[in-house]
Each structure stands twice: as structure tokens, then as C-alpha cells.
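This report concerns two topics: the annotated positions of one chain and the nonpolar cores. Please consult the sequence and structure shown here alongside the text.

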Amino acid sequence: MQLTLEFGGGLELLCDSEKIHKVNVDLPNGVEELTMKDLLSWVRTNVIKERPEMFIKGDTVRPGVLVLVNDCDWELSGQLETTIEDKDVIVFISTLHGG
Amino acid sequence: MERGEAKSKKAGGPPRLCCICNEKRPVLKRPKTLQQICRECFYEVFEEEIHQAIVNNGLFKSGERVAIGASGGKDSTVLAYVLSELNRRHSYGLDLFLLSIDEGITGYRDDSLETVKRNELQYGLPLQILSYKDLYGWTMDDIVKMIGLKNNCTFCGVFRRQALDRGAALLKVDKLVTGHNADDIAETVLLNILRGDIARLSRCTSITTGEDGPIPRCKPFKYTYEKEIVIYPFAVSNPHHTYAYFKKLDYFSTECIYSPNAYRGFAREFIKDLERLRPRAILDIIKSGEDFRIATTTKMPEQGTCERCGYISSQKWCKACVLLDGLNRGLPKMGIGRARGGGVNGGDHKKETKAGSTVKTLETKQCGSLDF
Amino acid sequence: MACNSSGCESGGCYGREKDNGCKVVDVKETVRLCVKCKSNEPMTFGDGGSDDGRFCAECFRSNVYGKFRLAVTSHAMITPSDNVLVAFSGGSSSRVALQFVHELQVKALKNYEASRDRSLPVFGVGVAFVDESAAYPSLSGGMSDAIAWVRSTVLSLSPPEKDLHVVPIESVFGSDSVEARDRLVKLLDSVSDETGKEDLLLHLKMLSLQKVASENGYNRLVVGSCTSRLASHVLTATVKGRGYSLSADIQHVDARWKVPIVLPLRDCVWQEITRLCHLDGLKTVELARHPQSGINDLVSSFVALLQEENPSRECTIVRTAAKLTPFYFNKIPETDDSCVPMATQRRLKKFNLKYDGSMTTEAFCPICNGPLNGSDSSEDESDALYDACCSSCRFQILPQEPSSLDHFGSLLPHHMISQVKHHQKFDSQTYLREKIKDCLLLDDEEAV
């Protein structure tokens with residue numbers, strides 16, 4: 001499925017300083033729906049080029065990284081359980097940077 | 001986001017509605033209240049709370065000239081935007097200015113200053129830029145070349161503080177506002193505990209500081225969560241909004257390349273871990289900071305003026321002049337004094353970062369951006 | 001700099017001295033000697049500690065004991081006529097506290113026997129062990145073994161003989177053990193916040209120690225909290241918004257309780273304590289406790305991280321908190337001055353701690369017994385329990401549903417509930433006092 005990933009707040013530095021990534025993600029074998037959990041591990045492998053520990057901690061994003069799915073706080077849609085659909089826009093912003 | 005509206009099935013079950021208007025789909029869980037609220041209500045409460053903080057603490061008087069310390073980062077950018085909105089909406093009667101300091105850090109500050117210059121046009125606020133080079137004759141790049149990465153943050157912090165005051169004096173403003181948010185203040189409380197600085201611990205939670213000095217400083221974002229400041233630009237897309245075209249506030253986000261201490265990074269991360277576990281903890285830390293029983297005698301020493309530059313100082317010379325004198329005489333260690341006991345300088349940064357290089361780290365909050 | 005004031009005196013925190021110490025060693029690499037006695041070979045613990053290889057065993061030991069003794073004497077923690085109860089959990093800190101108190105008692109006994117007039121009596125020592133298995137069912141299995149071990153440990157520390165009191169934590173709910181257990185479980189179940197539950201248990205534990213102490217005629221309760229433990233407490237209290245009451249918790253003496261609590265190991269760090277246990281072969285029992293979770297756990301790992309980065313960090317944290325103004329109850333009440341030796345009185349003067357003299361205005365949270373701040377007072381609440389509690393307990397311990405407050409209150413131990421009633425009475429009294437203040441004679445005038 002086609003997804004738009006946006007990295008901000010300094011996270012773009014972890015993926016070739018590109019803020020917006022248009023990507024094509026295939027469903028993992030035997031899975032019917034893509035969840036954020038799957039997507040995070042996909043992003044970790046395919047998009048993040050350096051210092052993944054700045055993005056991921058344990059099986060979720062590092063505290064201080066905000067996630068918006070279609071401009072909606074992922075805390076409202078079930079965080080890792082949020083299901084992702086074709087053409088969704090997922091935004092990751094680090095709040096750990098300076099102000 | 002219109003697309004988003006159609007996708008309310010995501011959460012499963014009947015779609016929940018905004019806790020405030022009970023009409024629209026919520027887009028955000030507020031860390032402060034755990035309420036789930038919609039874009040419009042968020043936009044409303046976010047600005048209203050800042051307005052209340054300003055009114056309840058009597059931060060401004062009508063007719064005052066106020067400088068916004070603008071770094072080009074998210075906090076000061078949102079502050080400049082919200083403050084100019086509130087000034088208009090509630091007729092504060094303030095003359096607002098943007099004040100930026102150019103530390104002279106290639107690849108970091110020059111880029112962020114471009115952002116501030118765009119903000120100047122976007123908000124129509126006059127901008128004043130002061131550089132370390134003009135004020136002190138040294139850029140941070142020069143200083144790092146001379147002293148290396150150890151203690152460079154001491155220079156930067158001392159110089160910036162004074163530079164902001166000088167800029168404010170130049171603009172003839174009555175007040176200086178900075179973008180320090182609740183997370184920053186909670187972090188500062190912790191850092192002051194970790195390093196045993198009781199005098200700063202007693203002051204760091206005040207919404208206004210330096211009332212006895214030449215230019216008082218205040219922090220309208222004292223009770224504002226960083227999460228909301230980061231999300232706010234995404235909310236400012238309200239069609240009847242003055243800046244409707246302004247889908248995303250334009251701000252710059254990269255770390256200072258001469259980034260500093262390990263334990264500041266630890267504290268930052270700790271705050272974020274805490275927020276995940278108990279969002280209210282950030283405000284609780286600020287409450288603790290306000291409630292600490294600190295004897296009034298622990299106040300700072302009496303302020304005089306620096307014999308050299310006339311800046312407020314408790315000593316003969318102010319800290320900046322002492323540091324500057326050391327630099328000019330080729331003895332940069334002078335004035336650093338009992339700098340950081342017990343090796344708190346993160347050893348790792350030294351290896352990775354070279355003076356003038358453009359290595360970027362997002363490990364920690366920009367050093368010296370906090371006004372202790 | 002890192003550790004002065006009332007904190008780690010005689011070189012407890014070596015972090016800041018590390019540079020100097022290391023240089024000396026570097027220069028004369030060949031013979032390494034104890035930095036204190038300059039004659040014996042220093043010990044190496046190999047635990048990565050900063051003071052590894054500085055002291056010989058004897059000097060190390062006397063250094064730690066010295067800190068204990070200084071704390072005891074300079075704060076009048078234990079005087080000859082006292083009867084002290086040592087809270088013993090089986091862990092390292094309380095094991096060391098028990099050992100040191102025992103050694104102090106042995107010395108006092110020797111002096112007593114050697115003195116001609118035998119005017120100074122030897123203080124009495126008892127030991128209390130709180131059985132928490134009612135709260136943590138996973139403990140039940142090993143509990144009888146643990147108690148047997150505690151019994152033999154206490155027995156090995158005689159003469160002088162020491163009474164052992166094994167206290168079930170549910171005893172604060174009454175003497176009927178089945179009913180008490182039931183109430184404890186119900187109470188804990190009604191607290192939804194994990195951190196709140198942990199903290200409530202700590203409060204109950206203190207309550208049961210106080211109960212056994214006052215019922216058995218003890219006038220001091222020795223708790224083994226060390227610097228490291230207090231450093232964590234400073235941060236957890238800060239994070240929970242308990243900034244006002246924090247300074248009450250980290251002093252050497254805490255006499256807000258019926259039986260004053262003393263912390264003689266306040267100036268010793270955890271590493272010293274575990275090393276001492278190792279050195280002296282002091283056995284400890286680590287009960288398989290419920291793993292900590294939530295805020296308390298997060299803070300512990302944060303402190304551990306900081307400590308690793310700078311070995312004097314814990315001391316600095318406690319030193320910061322020690323600069324906060326203590327409360328009037330943070331010293332042994334001066335009821336019988338005659339028992340406090342002159343030397344101690346002088347020392348107390350020397351330390352010249354600044355106490356808040358406004359002792360009439362303090363009210364306490366019935367749950368955590370923390371002094372209440374003005375900012376804790378709720379505005380338009382009608383519930384007496386909610387009103388009486390501090391904001392931290394309201395948030396993490398009381399039920400969020402106002403309608404459940406009554407039920408929750410009915411589960412609390414009687415002691416806490418009576419505090420609520422006291423609080424109400426107190427409130428109206430202070431209110432009355434405020435109103436008629438101008439008509440009252442000042443205390444000083446009365447005295448004349």
C-alpha cells in the first residue's frame with residue numbers, strides 16, 4: 001500500500017535529511033491488516049539510516065516522539081494497534097530538539 | 001485531514017467525540033487533562049490557557065514594548081505566533097519585536113536565522129539580530145576553535161544571556177519573553193537538584209524573573225506542554241483563521257552542533273519517560289519547584305554593575321567580561337572556575353564533533369537555551 | 001564540594017576526589033597503600049566503584065561506622081535512657097543499621113560495666129520485622145524461612161539480648177487476622193495507580209512499625225535508609241509534586257510520629273553498605289518482592305544511570321534537598337534535656353540547623369503523614385477525606401470517583417481515619433484562632 005511518512009523535529013536527520021518519504025509497504029505474510037507495530041519495524045529497517053535508538057525504544061517509538069496518523073494523535077487510535085490503510089499519512093516528530 | 005474524518009472506524013466501536021464540544025472527532029489527547037479533544041477545541045484551549053497564564057500572572061501592561069527571544073526553533077516560533085494573535089484578539093496593546101542572537105555557529109545558527117527572517121515577514125514583527133561577533137568580537141566557532149568542546153557551553157550561555165539583555169535594551173523594550181515550556185522548566189528543576197544549585201532551584205519556576213534587573217523576563221509557556229506546542233502548528237489550519245494558509249508553522253529543528261553534557265540528555269529523556277507513564281508529572285515537578293521550602297536568605301548576592309561594561313554583576317567584572325578577558329588574553333580557562341565537578345562532560349561528543357564541522361546531533365536540548 | 005554540610009562527612013563521596021587520588025596512585029605506581037593509615041594494603045572490590053583501592057579493610061570499616069556514630073551522637077538519636085526499635089527488612093541497609101546499633105550497645109555495656117558509679121544506663125534494643133505476605137501473596141511461601149532466618153540473626157546479636165517483633169502488615173487494621181487481611185486486600189485492590197499502591201503499602205508499613213514501637217515501650221525507631229535511598233526519594237517526591245513536604249523526609253530525625261524515627265545511615269551510600277556486608281560477612285535475605293513498577297522504578301533506574309555517570313551524584317542530590325528548610329519536628333523533641341549529654345548539645349548548636357519555628361500551623365495528610373501546604377487545600381470539596389489529603393495522595397491513592405470515597409475511607413486503618421477527624425478539628429481550630437488572633441495574648445506575653 002502507498003503511504004506518506006513525514007519526519008520532523010530532527011528525526012529527518014536519521015533518514016538522509018529527507019522530511020517526506022512516499023513509500024510502498026507490503027503486508028507481512030499471513031497478515032490481513034497493517035498495524036503501526038508492523039509499520040514501525042518496517043520503518044526501522046527500510047527508512048532509518050542511522051542511530052535507530054533515537055527513534056525506537058523497545059518495541060515502540062522513543063518517549064518524546066509524537067506520532068500522528070492522518071493528523072490525529074495516535075494515542076487516540078490505539079498507538080501500536082492502530083491499523084494503517086492505503087494512502088494514510090503518518091507523521092513522526094521528535095520533541096527532544098531545542099526550542 | 002478531511003480524509004481522516006472518514007476514518008473514524010479506526011478506534012473500533014462507535015466513534016468517540018471531543019470531550020469539550022461533544023460534536024467533532026477528537027484528534028489529540030491532552031497530556032495535562034487526558035481529555036480527548038478535536039482540532040478546533042484544542043486550538044481554542046491552547047491559546048486560552050496561555051492567555052490565562054498571561055492575565056493571571058499580570059505578565060504585561062498595556063503600552064509595553066515586548067521582545068520575543070526568537071531562536072527559530074519551535075517554542076519561540078509558536079510563541080511569536082500565539083502572542084501576536086492574542087495581542088490582537090484581546091487588545092493587550094503591546095508592541096512586539098523579535099530578538100535573535102547569532103552565536104556564530106556555522107550550519108546551525110545561520111540556518112535557523114533564516115527561519116526567523118521568514119517569521120519576521122509572516123507575522124509582520126520587527127526583527128533585531130545581534131551577533132556574538134559584534135558584541136564580543138568572537139563567534140562560537142572561533143571560541144570552540146580556541147578552547148575545544150569542553151566548557152564551550154559556559155561561554156555560550158553567559159554570552160547569550162547578556163546578548164539578549166543588550167538586544168532588549170537596544171530595542172528599548174520593557175520585557176523579554178522566552179519560549180520555555182513546562183517540560184523545559186521541569187527539566188531545569190531536576191537539573192538544579194542534580195547539581196545542588198539551591199539558589200537557581202528557588203528561582204527557576206517563577207514565571208517572571210529578573211524583576212530587579214534591567215529587563216524582566218517571562219515565560220508565557222510555563223504551563224504549556226511541549227507535546228502541545230509541537231502539535232499546535234498542525235492544528236493551525238482552521239479555515240477562519242487569520243493565517244489560514246499557514247498549515248504548518250515554519251520552524252527550524254536541529255541541535256546545536258557543539259552539544260553538551262550527558263546528564264542533561266538523561267534528564268530530558270527521563271522527563272519524556274515520565275510523561276508517558278504519568279503525564280501530570282511534568283506539572284507536579286513544577287509544583288514541587290514552587291513549593292520547596294527554601295529560606296529566603298538563600299537568595300542571590302547583591303547586584304552591582306560591571307566596572308568594564310556596565311552590565312549587572314555581583315562582582316567587579318561581570319561573568320562575560322571575565323570570560324572575554326580570558327579569551328582575548330589567550331587564557332580561556334579563566335573565569336570558568338570550578339566548572340562542573342566530577343567529569344559531567346560527555347566524553348563521546350568530543351570524538352565525534354570537530355570545530356566548525358556540520359555534524360548534527362539531536363541527542364539533547366540545545367545547550368544554554370535554558371535560562372536557569 | 002560535592003559532599004559537605006551535614007551530608008557525607010569524612011570522605012564518604014570520593015567522586016570529586018577521584019582526580020587527586022588517582023594522580024597520587026599514578027605517580028608511585030609500585031606500592032599502593034591505604035590513603036588513610038598509609039600502612040596497610042588497600043582493598044580492591046572490583047565493583048567499579050570510584051574509591052576502589054583507596055582504603056584498607058580496617059579504615060574502610062571505621063570510616064563507615066564513623067559516619068553512623070557521628071549521625072547518632074550529633075543528632076541525639078540514641079541516648080542512654082532510650083529504648084530503640086530497629087526496623088529490619090533483611091536487606092543490606094537495615095542489616096548494617098542493626099549491626100552498628102548492636103556494636104554501639106556492646107560498647108555502652110562495656111563502659112557501663114567499667115564505670116564506677118554506673119550512672120549511665122545502657123540503652124535497650126529491639127528488632128521489628130514486618131511480614132508483608134498479606135500484600136504480596138508471592139512472598140507467603142518463603143516467609144516462614146525468612147522469619148526463622150531473621151530470628152537466628154537477631155539471636156546471634158546477643159548479648160545484650162534483643163526482643164524480636166514480627167509484625168504482620170495487616171495488623172494496622174485490627175487484631176482479627178482474617179478480617180484484617182481481607183481489609184488490606186480490599187484496600188489495595190481499590191487503588192488503581194500502581195505507584196500509588198506501592199506508596200500506600202509503605203505508609204501502612206510505617207504505621208505498623210509505629211504501632212509495634214509504641215505498644216512495646218520503644219521511644220526511637222531506627223530506619224536504615226542510606227544516602228542512595230534518600231536520593232531516589234528526593235526525586236520521586238519531586239516528581240509526585242511533594243516538594244513542600246520533601247524536606248521533612250530526608251533529615252536525620254523525623255519526630256512527627258509518635259515514636260520519633262531516626263536515620264543513622266543517612267550519610268552512607270549504598271555501595272559502602274553492600275561492601276561492608278560483603279567484608280563482614282553480614283548475610284542478608286532478599287525476599288522475592290513484587291517488582292517495582294511505575295514512577296518509583298523509573299526514578300530508581302534514572303538515579304542508577306546518573307550514579308554511573310558521576311559517583312557522587314546521589315550525595316549531591318541529597319545535599320540539595322538538605323538545603324531545604326526542615327520542619328520543627330526534624331529534631332528530637334527536647335522533653336528531657338538532662339539525658340542529652342553536653343557534648344551532643346554543643347554539636348547540635350554547631351550544626352545550627354535552621355528550623356521552621358511555626359509549629360502551630362502544620363497539618364498532616366492522613367495517608368502519607370506529609371505536612372500539608374496551603375496549595376494543597378481544595379476549593380469546594382465536601383468530602384472530609386479528600387479535603388484532608390495532600391494533592392499527591394488524592395491523585396495516586398484516593399479513588400477518582402467521588403462516590404467511592406466513602407467506601408475507600410471505610411477500608412482505611414482506624415489510625416488514618418482518626419487523622420482525618422483530627423484534621424477537621426484542627427482546621428476549625430486554626431480558623432477560630434485566626435479570627436480571634438488580635439484578641440489573644442501572644443505566647444511570649446503569657447509566659448511572662
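Does B:Ile101 count as buried or exposed?

## B:Ile101

In this predicted model, B:Ile101 counts as buried because its relative accessibility is 6%, and the cut-off for buried is under 20%. The residue belongs to strand 4 of chain B, which spans residues 95-102.

Leaving out residues up to four places away in sequence, B:Ile101 touches B:Arg109, B:Leu130, B:Tyr132, B:Arg160, B:Ala163 and B:Leu164.

## Annotated binding site

An unreviewed UniProt entry assigns the feature "binding site" to B:Gly69, B:Ala70, B:Ser71, B:Asp75, B:Ile101, B:Gly179 and B:Asp184.

One of these positions, B:Ser71, is found in the loop that connects strand 3 (65-69) to helix 3 (74-89) of chain B. B:Ser71 is buried because its relative accessible area is 15%, again with the cut-off at under 20%. A polar atom of the B:Ser71 side chain lies 3.1 Å from the backbone nitrogen of B:Gly73.

## Nonpolar cores

The largest nonpolar core comprises 137 residues. Within this core, the residues with the most contacts are C:Leu200, C:Leu204, C:Leu221, C:Leu235, C:Ile367 and C:Phe408. With neighbours within four places in sequence set aside, C:Ile367 is in contact with C:Leu200, C:His203, C:Cys389, C:Cys393, C:Ile397, C:Leu398, C:Phe408 and C:Met416.

A second core, separate from the largest one, has 47 residues. Its members include B:Ile37, B:Leu83, B:Leu96 and B:Leu98.

Technical notes
Residues are numbered from 1 along each chain as its sequence is written. Chains are lettered from A and ligands numbered from 1 in the order in which they are written. This is a predicted model: local features need pLDDT of at least 70, side-chain atom pairs count only at pLDDT 80 or more; totals for chains, interfaces and linings use all residues. Side-chain values use heavy atoms; hydrogens and water are left out. A nonpolar core is a set of buried Ala, Val, Leu, Ile, Met, Phe, Trp, Tyr and Cys residues joined through side-chain atoms within 4.5 Å. Buried means under 20% relative accessible area, exposed over 50%, partly exposed in between (1.4 Å probe, protein chains only). Contact means heavy atoms within 4.5 Å. UniProt positions are given in the numbering used here, feature names are shortened, and annotations may be inferred rather than shown by experiment. Helices (H or I, at least four residues) and strands (E, at least two) are DSSP runs, numbered from the N terminus. A polar contact is a pair of N or O atoms within 3.5 Å; within protein, one must be able to donate a hydrogen and the other to accept it, and residues adjacent in sequence count only if both atoms are side-chain atoms.
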